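Below are some remarks on the model you sent round, set out as numbered points. Please read them with the structure open beside you.

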Protein chains: 2
Amino acid sequence: MSPSRRHSDPQPTLATVAERAGVSRQTVSNALNNPELLREDTLAKVRAVIAELGYTPNRAARQLRTRSSHMIGLRFEEAQEGTSNATMDRFVHTLVEATARTGHHIVLFAGDPDDPLDGYDELLRATAVDAFVITDTYAGTPAADLLSRVGAPYVTFGRPWDDPSARHPWVDVAGAHGARLATEHLLEVGHARVAWLGWEAASRIGEDRRAGWEAAMAAAGTSTDGLGVRITDNVDAARMAAHELLEDPTVTAFACASDTLGIGVLHALAERGLRPGVDVGVVGFDDSLGAQVTWPGLTSVRQPLEQVAIEIVDLLHTVLSHKTVTEPARMLEPTLVVRRSTLRDSAR
Amino acid sequence: MSPSRRHSDPQPTLATVAERAGVSRQTVSNALNNPELLREDTLAKVRAVIAELGYTPNRAARQLRTRSSHMIGLRFEEAQEGTSNATMDRFVHTLVEATARTGHHIVLFAGDPDDPLDGYDELLRATAVDAFVITDTYAGTPAADLLSRVGAPYVTFGRPWDDPSARHPWVDVAGAHGARLATEHLLEVGHARVAWLGWEAASRIGEDRRAGWEAAMAAAGTSTDGLGVRITDNVDAARMAAHELLEDPTVTAFACASDTLGIGVLHALAERGLRPGVDVGVVGFDDSLGAQVTWPGLTSVRQPLEQVAIEIVDLLHTVLSHKTVTEPARMLEPTLVVRRSTLRDSAR
DNA sequence: GGTCTCGTGTGGAACGTTCCAAGACTAGAT
DNA sequence: ATCTAGTCTTGGAACGTTCCACACGAGACC
């Protein structure tokens with residue numbers, strides 16, 4: 001607890017503490033940063049004074065001297081309206097918590113949506129942040145390229161799809177594995193012809209997930225001819241695509257590249273009077289709030305975002321302490337959260 | 001545009017620029033902060049060198065000298081799982097954009113969920129932030145009280161419910177007005193007995209919104225006896241409450257204190273085979289992603305979060321420039337977004 | 001011609017911390 | 001008694017910026 005203190009009071013500084021404790025500035029600094037250098041009684045005395053005055057080192061001064069701000073930059077992209085993908089929210093929160101443990105803070109910045117590089121350079125040149133976390137590797141990694149060029153440290157959430165020569169640290173979730181889990185689950189509960197609703201072919205993430213569906217179908221010995229669809233991530237597009245696929249009565253299940261698409265399928269079912277789970281199975285992707293609250297509950301692939309954040313912070317820590325990163329690429333596995341959109345028994 | 005530069009190159013400083021331009025450090029500083037003090041040709045020359053070297057002032061040094069970090073602290077609370085309220089996401093994004101325009105950045109920090117004060121003190125004592133934005137005024141304003149006590153600047157999103165003597169700047173959205181809009185809309189499309197699903201009485205926001213419903217009902221001359229329910233913000237609680245209210249066949253519409261509750265009502269309708277909009281009207285609150293994607297679309301009260309962020313930044317700016325705030329309390333009005341959960345004609 | 005003002009520009013000092021090289025003290029060895 | 005090694009502590013300098021007091025020259029005024 002800090003003692004109550006009015007704003008008008010002067011902030012205690014290192015010098016204040018030193019004088020009060022009868023030691024030099026450097027000794028107080030050591031008490032904070034290299035306590036093992038001090039004799040026990042000196043350390044105790046200094047710490048007592050620090051606590052008494054409620055002293056906290058001035059970040060600006062420390063930053064100026066050490067050239068390290070303990071701030072991590074994150075370009076904050078907004079979830080698109082009309083999609084259910086509020087993944088960012090949960091991820092950012094876990095990232096904030098994970099960085100707090102190492103004494104770092106997250107600085108958000110905005111950028112021109114049309115310029116993926118906007119904002120990075122300015123923070124970097126002002127030495128306002130030590131490193132960046134890059135989340136948007138959907139459309140290649142222009143920001144990562146920029147940072148590599150100027151030698152700034154960073155970690156990406158998302159693997160470097162286009163660049164096999166990339167050597168930067170990254171954390172990602174095995175989307176193909178997730179889609180495979182989803183498809184296998186649908187096959188297990190008795191569906192045979194599982195359709196795939198995915199994104200346009202330009203999306204590497206989308207193609208990766210689709211590959212998981214194809215693998216599961218191949219393992220089951222079922223052809224995927226005419227079952228895979230590529231559309232935009234949008235409820236209505238999914239609804240219409242589902243209507244079309246449902247014209248074929250053998251199609252009784254949908255694995256989707258996102259919850260948005262899964263919810264679109266649920267719309268189509270509602271309009272056709274089909275019962276989710278009982279008549280048609282649906283699995284989404286991301287375990288968004290939408291999947292959780294939509295009727296009757298959408299089974300979904302959940303990314304371990306908490307673990308992703310922890311791994312990212314660990315990598316950042318390694319990079320920032322100038323150690324060599326022994327394991328710069330980390331792939332995590334998603335899990336399946338089963339809800340009623342894949343439960344077949346009607347006695348629910 | 002900055003010229004490409006390797007990390008190993010020394011960062012240009014004020015002194016570098018001064019030497020190159022043949023002027024003193026102070027002149028360069030003035031070119032940046034008080035350009036009107038310089039003669040035109042001097043200014044042009046300095047600016048040219050700044051651009052040539054890609055110079056950006058070091059934030060730490062500036063912060064140390066001016067005692068102003070240009071950072072705004074925001075305690076980032078996570079949306080609860082199982083609710084559809086991802087309001088924070090949209091608000092934070094607009095806040096980041098609005099602060100960027102004044103050269104400020106948002107620093108996120110976490111805190112012990114059980115201690116509403118956790119985290120503030122540390123950032124403050126380290127002079128890491130200039131001010132705070134407080135979003136959680138649901139449970140009184142303990143954080144605001146702390147900051148007032150130590151004289152730290154802050155602006156809250158949410159009025160000071162419990163403390164009529166509070167004089168701090170705040171921005172809020174008139175929840176009662178929103179609920180009134182919702183209820184009037186339901187009455188207009190032909191419903192007579194409009195039920196209210198709200199939060200527990202302890203929630204000041206919930207009671208405020210409820211008051212809007214009561215006002216609209218009173219204006220229509222309809223009694224609210226037995227129509228108002230107080231429950232927790234949870235899909236299932238709303239679903240069960242709706243089932244109970246629907247036992248009374250005269251109840252044909254629901255105004256809700258949140259989208260989560262509204263979605264719960266939609267669940268009950270689905271289970272009863274009632275058609276949203278056609279048989280029973282439902283309005284939610286917050287215009288969350290859930291309201292947008294859920295079937296068949298949930299009419300909802302939308303808060304002008306973009307405008308809220310802009311007003312907050314404006315207030316912050318005023319407070320930080322030590323001007324007196326002429327208008328410290330700003331109330332904004334929400335709008336109604338109509339979707340199919342309140343459309344009666346079946347030819348939809 | 002001297003003083004005053006105004007518009008510009010200057011160099012020293014300061015913000016609060018950590019780095020650095022060296023000083024002081026203690027204890028053991030010569 | 002002196003030296004040596006090790007432990008602990010010290011004061012000066014530096015990080016890059018802005019504040020401050022002042023210097024300079026040009027024109028205005030008495």
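1. In this predicted model, F132(B) has a relative accessibility of 0% and therefore counts as buried, the limit for that class being under 20%. F109(B), at 2% relative accessibility, is likewise counted as buried. These two residues, F109(B) and F132(B), make an edge-to-face aromatic pair, with 5.9 Å from centre to centre and 75 degrees between the planes. The pair connects distant parts of the chain, since F109(B) belongs to strand β2 (residues 105–109) of chain B and F132(B) to strand β3 (residues 131–134) of chain B, 23 residues apart. In chain A, one aromatic cluster is formed by F109(A), Y120(A) and F132(A).

2. Over all chains, the structure holds 10 aromatic pairs. One of them is formed by F91(A) and F157(A), a tilted pair whose centres are 5.0 Å apart and whose planes stand at 40 degrees to each other. This pair, too, links distant parts of the chain, with F91(A) in helix α5 (residues 87–100) of chain A and F157(A) in strand β4 (residues 154–157) of chain A, 66 residues apart. F91(A) is counted as buried because its relative accessibility is 2%, and F157(A) is buried as well, with a relative accessible area of 13%.

3. An arginine is placed over an aromatic ring in each of two chains, and both cases deserve a look on the display. In chain A, R209(A) lies over the face of F285(A), at 3.7 Å from the ring centre. In chain B, R209(B) lies over the face of F285(B), again at 3.7 Å from the ring centre.

4. The backbone has some features to check by eye. Most residues other than glycine have a negative phi, and most peptide bonds are trans. R67(A), however, has a positive phi of about 60 degrees although it is not a glycine, and this residue is found in the loop between α4 (59–66) and β1 (71–75) of chain A. D286(A), which is not a glycine either, has a positive phi of about 120 degrees, and it sits in the loop between β9 (281–285) and α12 of chain A. Which of the two classes, buried or exposed, applies to R67(A), and which to D286(A)? R67(A) has 69% relative accessibility and so counts as exposed, the limit being over 50%, whereas D286(A) is buried, with a relative accessible area of 9%.

5. Cis peptide bonds should be noted in both chains A and B. The bond from W295(A) to P296(A) is cis, with omega near 0 degrees, and P296(A) lies in the loop between α12 (289–293) and β10 (299–302) of chain A. In chain B, a cis peptide bond with omega of about 0 degrees joins W295(B) and P296(B), and P296(B) is found in the loop between α12 (289–293) and β10 (299–302) of chain B.

6. Chain A contains an open sheet of six strands with mixed pairing, in the order β7-β6-β8-β9-β10-β12. The strands β7 (228–230) and β12 (335–337) of chain A stand at the edges and have a single partner strand each, so that one side of each is left without a neighbour in the sheet. Averaged over the sheet and with direction ignored, neighbouring strands are turned by 20 degrees against each other. Strand β6 (residues 193–198) of chain A runs parallel to β7(A) and is joined to it by three bridges, and the bridge partner of G198(A) in β7(A) is R230(A).

7. Some remarks on the whole of chain A follow. Its secondary structure comes to 13 helices and 12 strands, and 55% of its 348 residues count as buried. Chain A has a radius of gyration of 26 Å, while a compact globule of 348 residues would have one near 20 Å. Its C-alpha atoms fill a box of roughly 85 × 45 × 35 Å along the principal axes. The chain is divided into domain 1 (14–57), domain 2 (71–173 + 305–332) and domain 3 (175–303 + 336–342). Taken over C-alpha atoms, the centres of domain 1 of chain A and domain 2 of chain A are separated by 36 Å.

Technical notes:
Residues are numbered from 1 along each chain as its sequence is written. Chains are lettered from A and ligands numbered from 1 in the order in which they are written. This is a predicted model: local features need pLDDT of at least 70, side-chain atom pairs count only at pLDDT 80 or more; totals for chains, interfaces and linings use all residues. Side-chain values use heavy atoms; hydrogens and water are left out. Two strands pair if DSSP finds at least two bridges between them. Helices (H or I, at least four residues) and strands (E, at least two) are DSSP runs, numbered from the N terminus. Axes are lines fitted to C-alpha atoms, for helices over the stretch in contact, and angles run from 0 to 180 degrees between N-to-C directions. Domain bounds come from an automatic or database domain assignment. Buried means under 20% relative accessible area, exposed over 50%, partly exposed in between (1.4 Å probe, protein chains only). Rings of Phe, Tyr and Trp (its six-membered ring) pair if their centres lie within 6.5 Å; planes under 30 degrees apart count as stacked, over 60 as edge-to-face and the rest as tilted. A charge sits over a ring if NZ of Lys or CZ of Arg is within 6 Å of the ring centre and within 35 degrees of the ring normal. The radius of gyration is taken over C-alpha atoms; the globule rule is 2.2 Å times the number of residues to the power 0.38.
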